[in-house]
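Thanks for coming, everyone; I would like to take a few minutes to walk through one model, beginning with a strand and its partners and then turning to the pockets. Please keep the structure open while I talk.

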Amino acid sequence: MGRSIINQLPRVLTLFPALFGYASASSDGDQLWPLQEYKSSSIKTPFLNVTKMGQTEPGYLFFTPSDSLRDEGYPTIYSDDGQLVWQGAKGNYSALQPQMLNGEPVIAYWTGYDGQGFGFGHISILNSSYDEIHRVTLDCKAENFVTIFDETMEFDSCIDIHESQFTDDGTILVTAVNVTQADLSSVGGPKNGWIQDGLIYEIDLETNEILFRWSAHEHIDQVRLSDVRAPLEGSASGMNKTSPYGYPHLNAVYKYGDHYLLSSRYMCSIFFLDSNGNVTWHLHGRTGGDFNLGLGTSFCYQHDARFEFQSDERVHLALHNNDNADFLAHTSLTTGLLLDVELQGSKQVTLKRRTWDAEEPVYAESQGSYQSLANGHVLQDHGATPKIEEYDENGTIVMRARFGYDNTMQTYRVYRYPWTGNPSTKPDLAACVSSETNKTTVYVSWNGATDVKSWKVLAGSEVKKTALRNGFETSIQVDGLANGDELVVEAVGGVGDGTKSDSVKVGQGC
C-alpha cells in the first residue's frame with residue numbers, strides 16, 4: 001500500500017528506540033522488522049512498539065504476527081508495555097481468538113495450509129497451560145471437497161482460515177471453501193466457470209458432529225453473483241479449478257439465537273440467515289441491498305462483522321471497513337464502523353460511530369478486526385497493515401502499537417482479553433559471568449506465565465538472591481558464583497508459585 005502514510009514507524013517510540021533506526025525504515029518490502037532475542041530462551045519475537053496517549057482497558061493482546069520475508073508465523077500474547085507473554089510453535093496460523101469453554105478460558109486458532117486467500121486446516125483449542133485439549137476438524141472426503149490442487153495433495157481437514165467462533169450452545173462456527181463449477185456468464189465469465197464456493201459449518205465442540213451446513217452457491221438466487229465486487233481476471237479468472245473466481249469470500253460468521261450473521265468480503269455484503277439457511281435480509285455496502293444507506297455508512301471488502309445490539313426493530317452492526325483490496329487501482333481510508341440498521345419501516349442505515357487515526361491513517365488492503373471493549377472502548381487491528389489501535393468512549397485514540405512494516409508483516413485479527421497463563425513447561429534459565437566485573441547475570445523466563453511476582457535464584461539449597469519479575473525475561477545480578485556452579489530458579493507468586501527450572505551450570509551456552 002504505497003500511499004499509506006504510516007509506512008514509517010510512529011514518531012514517538014516509547015520502547016527500544018535505538019533498535020528501530022528511522023533512517024533505514026522502509027515500506028518497500030525489503031526491510032526486516034527487528035526481533036527481540038533472549039538469553040534464557042530460543043524464542044525470537046517481533047518488537048511490539050507501543051505508544052500510549054491515554055488509559056487503555058485491561059487485558060493482553062492476542063494475535064498471530066506473520067513475517068513474509070522470514071517465512072515465520074506464530075500465535076502470540078503480548079502485554080501493553082510491548083513485552084511478549086507467550087509464543088507458540090512456528091507455523092501457519094489464523095483466526096486466533098481467546099474464548100470461554102465450559103467456564104474456562106481457552107485459545108482457539110486455525111492452522112494448516114492457505115493460498116489464494118483461503119485455506120485447508122483445523123482448529124486447535126488450547127487451555128491456560130497452552131496444551132491442546134481439542135481439535136476441530138472437517139472431513140474433506142466426507143464433505144466431497146474439491147481443492148485447487150491435484151488429487152495427489154490431500155488434507156486431513158478442510159476448515160478455512162477465517163473463523164473459529166464459539167456459540168453458547170457448545171458449538172463452533174467455521175468457514176470452508178469448496179472449489180466447484182458455476183455459470184459465470186452473467187458476470188462476463190465462462191458458462192462452465194469455477195468459483196470458490198463459500199460454506200459455513202456449525203460443529204459440536206465435543207463430538208465434531210456437523211449440526212448446520214450452508215453453501216453460498218446453493219443459495220445463489222439470494223446470494224447473487226452480480227453483487228460481487230472483484231474482477232474476473234488474474235488469479236480470480238474463474239477459467240479453471242486452479243484459479244477459481246472469488247465468490248463469495250466469506251470471512252466472518254456469528255450466531256444470534258437460531259440465526260446466522262455472515263460477512264462476504266468480495267460481495268461487500270452482510271447477510272442474515274434463518275435456521276434453514278434462507279437469507280432474511282441483505283445489507284450491501286455499496287448499493288444498500290435491502291436497506292437505504294445514510295451518510296457515511298458505505299463500506300466494502302470488510303472484515304469481522306458482528307452485532308453490538310440486536311432487537312426485532314434494529315441492530316447495531318460493527319465491522320472493520322477495509323474499503324480496499326489488492327486488485328483496486330485506488331486506495332481508500334480504512335475505518336471502524338458502527339452502524340444503526342433499521343430492520344423495519346424505513347430500513348435506514350445510520351452511522352453511529354466511525355473510528356480512525358487522523359494522525360496516522362491506515363489504508364489496509366486485507367484482513368482486520370473490530371472489538372468492542374468495556375467502557376465504550378474499541379480495539380482495532382488492520383490486518384495487512386501491522387498496526388493496532390485502541391479508542392476511548394469519545395473516539396479518541398489512546399494507544400497505537402506497531403509490530404512490523406507494511407506488506408511484510410500481518411495478522412488476521414487482534415483481541416484484547418484477560419488471561420492467566422499456567423504453563424505446563426518449566427521456567428528457562430541461563431547464567432553468564434562477566435569477564436570484566438566477575439559478576440554473574442542470571443537470565444530467567446517462562447513462556448506463557450502471566451502472574452509470577454518474583455524469581456528466587458538457588459545454588460543447591462542456598463537462596464542466592466530474589467528479584468522482582470521484569471518482563472518476559474528478567475536479568476538478575478548475583479555475586480559469588482563461578483563458571484560450572486549449578487543454579488536453579490523458582491517462581492514466586494501466581495498460579496505457578498514454587499515451580500522450579502531444571503538445573504543449569506553457570507557459563508553454559510554463554
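Let me begin with β4, which is joined to strand β31, residues 414–417, by four bridges, the two strands running antiparallel. I should say at once that this is a predicted model. Within that pairing, Phe63 stands opposite Val414 in β31. There is also an antiparallel pairing of β4 with strand β7, residues 76–78, made through three bridges, and here Phe63 stands opposite Thr76 in β7. As for the two faces of β4, residues 60–63, both are covered, with Tyr60 and Phe62 buried on one side and Leu61 and Phe63 buried on the other.

Now to the pockets. The largest pocket holds about 1,000 Å³ of space, and its lining comprises 46 residues, with Gln116, Gly117, Ser366, Gln367 and Gln410 lying nearest the centre. Several strands supply at least two residues each to that lining, among them β9 (93–101), β10 (104–115) and β30 (409–410). By character, the lining of the largest pocket has 23 polar residues, 14 nonpolar and nine charged.

The second largest pocket contains about 480 Å³ of space, and of the 19 residues lining it, Gln165, Phe166, Thr167, Asp168 and Tyr254 are the closest to its centre. Which strand gives the most to the lining of this second largest pocket? That is β9, with four residues, while strands including β13 (165–166) and β17 (250–256) each supply at least two. The lining of the second largest pocket divides into seven nonpolar, seven polar and five charged residues.

Methods
Residues are numbered from 1 along each chain as its sequence is written. This is a predicted model: local features need pLDDT of at least 70, side-chain atom pairs count only at pLDDT 80 or more; totals for chains, interfaces and linings use all residues. Side-chain values use heavy atoms; hydrogens and water are left out. On a 1 Å grid over the protein atoms alone, a cavity is a set of points where a 1.4 Å probe fits but cannot get out, and a pocket is an open set with protein on both sides within 12 Å along at least five of seven lines; lining residues have an atom within 4 Å of a point. Grid points are joined across faces, edges and corners, and a volume is the space filled by probe spheres set on the points. Ala, Val, Leu, Ile, Met, Phe, Trp, Tyr, Cys and Pro count as nonpolar, Asp, Glu, Lys and Arg as charged, and the others, Gly among them, as polar. Buried means under 20% relative accessible area, exposed over 50%, partly exposed in between (1.4 Å probe, protein chains only). Two strands pair if DSSP finds at least two bridges between them.
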